[in-house]
Amino acid sequence: MPPVVLAQHVTKWYGSRRAVADVSFAIEPGEIVGLLGPNGSGKSTIFRMLTGYLVPTSGRIEVAGCDVVSDSLGVRRAISYVPEDAPLYDHMRVGEFLHFMAGLKGLHGAGARGAVDEAAERLELTAVMMLPAGKLSRGFRQRVSIAQALLANPKVLVLDEPTSGLDPHQVIAVRDLIRSLAGRHTVLMASHILPEIEKIASRVMILLDGRLLTSDALKEMTQHLALRLSSSSPYALIVLAAQGVSGVREVAPDADAGTGHYLVRAERRASLPADLIAALVAADVAVSELTEVRPDLERVFLDLTKRLGEAA
Ligand SMILES: Nc1ncnc2c1ncn2[C@@H]1O[C@H](COP(=O)(O)OP(=O)(O)OP(=O)(O)O)[C@@H](O)[C@H]1O
């Protein structure tokens, strides 16, 4: 099956500010893809280009086979965008609002009623259909916003920070809801909160300063080994012993764990932990713990953001 979203070498300049730089990706039908990046990394700019609201400075984007520049109408039929702040007409009742939005999407009569009823049921909105939108909680506003996006049964749903500002119960409900959309819709969601995106998305793309991290770069980062070391011996002695082991790149105090705890970063090599223990013991370092730290995406992301900050 061809990808439902295809971006090829997309760059966007706002005047002299480059917001997106040579970004390429493909999204297969039914995937839930997370776009992760710190504030200002270019997520919204990418979304605005995907939905046809902004034109790329260079490069090409296709959604459901339609070019975003030459066939923006086709693109708008295939994609729905839910911005972060769920803009609703506060004076309108939820039911009225959904019918109004159905009309804007070209649905009328029985078709509109069917679409509104189905969206209301999927998003569990039937109990609030008569309430004015202005009276809804943040969680319900988000659900109404997703419901209106689903009305014309879009192939692709784009969600900007869908769980931001929600309480923990609402976060779980919205998460379950997004998961339930997979298969029938393709979902692309942005977040700057990594554990959140890891829980929902089947694949994560990382955007840093307008550039998409290649999967090779990500693989290279996760191939590094991080070990947690606990020892009552002096730091200088530990560093001296560890640095003699081939592949060890850094020994640093583990700020989260407190005194006597260190993080050792090294090239991934099967015998490295055993070599490290041998070197520490030979140098009379008292080792009470040496365990591998799983290189989760959060650590990778923080490392990358830090590196980028240092390089700037
Ligand atoms: N209309 C604009 N004119 C000029 N610069 C802009 C404009 N919109 C965004 N930018 C700049 O482009 C860069 C990317 O912004 P963008 O809003 O796409 O990032 P983001 O990842 O969505 O950030 P956030 O999570 O804060 O929304 C930022 O440096 C921003 O200041």
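Which residues does Val63 touch, not counting residues up to four places away in sequence?

1. The model is a predicted one, and the question can be answered from it directly: Val63 touches Val5, Leu50, Val68, Val75, Ala78, Ile79 and Val156, once residues up to four places away in sequence are left out of the count.

2. Val63 also belongs to a wider group, since the largest nonpolar core has 63 residues, and Val63 is listed with Leu50, Leu98 and Val158 as having the most contacts inside that core. Helix α5 gives the most to this core, contributing 6 residues. A second core, separate from this one, has 14 residues, including Leu229, Ile238, Tyr262 and Val285.

3. On the scale of the whole protein chain, there are 11 helices and 14 strands, and the C-alpha trace spans about 80 × 45 × 35 Å along its principal axes. Of the 312 residues, 34% count as buried. When contacts with a separation of 6 or more are considered, 70% of them are accounted for by residues 24 or more positions apart.

4. How do the axes of helix α3 and helix α5 cross, and within what distance do they come? Helix α3 (residues 94-104) and helix α5 (residues 138-150) have axes that come within 9 Å and cross at roughly 30°. Because angles under 35 degrees count as roughly parallel, α3 is described as roughly parallel to α5. The crossing of these two helices is right-handed.

5. Where α3 and α5 meet, Val94, Phe97, Leu98 and Met101 come from α3, while Val144, Ala147 and Gln148 come from α5. Sorted by class, this contact has 6 nonpolar residues, 1 polar residue and no charged residues. Leu98 deserves a second look, as it is also named among the residues with the most contacts inside the largest nonpolar core.

6. Two backbone angles should be checked with care, given that most residues other than glycine have a negative phi. Ala64 is not a glycine, yet it has a positive phi of about 50°, and it is found in the loop between β4 (58-63) and β5 (66-67). Asp284, likewise not a glycine, has a positive phi of about 65°, and it is found in the loop between α10 (272-282) and β14 (287-293).

7. Are Ala64 and Asp284 buried or exposed? Ala64 is buried, because it has 20 other C-beta atoms within 10 Å, and a residue needs 20 or more to count as buried. Asp284 counts as exposed, because it has 9 C-beta neighbours inside 10 Å, and the limit for exposed is 12 or fewer.

Key. Residues numbered from 1 in each chain as written. Predicted model: local features only at pLDDT ≥ 70, side-chain atom pairs only at ≥ 80, totals over all residues. Axes fitted to C-alpha atoms, helices over the stretch in contact; angles between N-to-C directions. Helix = DSSP H or I, 4+ residues; strand = E, 2+ residues; numbered from the N terminus. Parallel < 35°, antiparallel > 145°, perpendicular 65-115°, else oblique. Left-handed = near helix turned anticlockwise from the far one by under 90°. Contact = placed C-beta atoms within 7 Å. Nonpolar A, V, L, I, M, F, W, Y, C, P; charged D, E, K, R; others polar. Core = buried A, V, L, I, M, F, W, Y, C linked by C-beta atoms within 7 Å.
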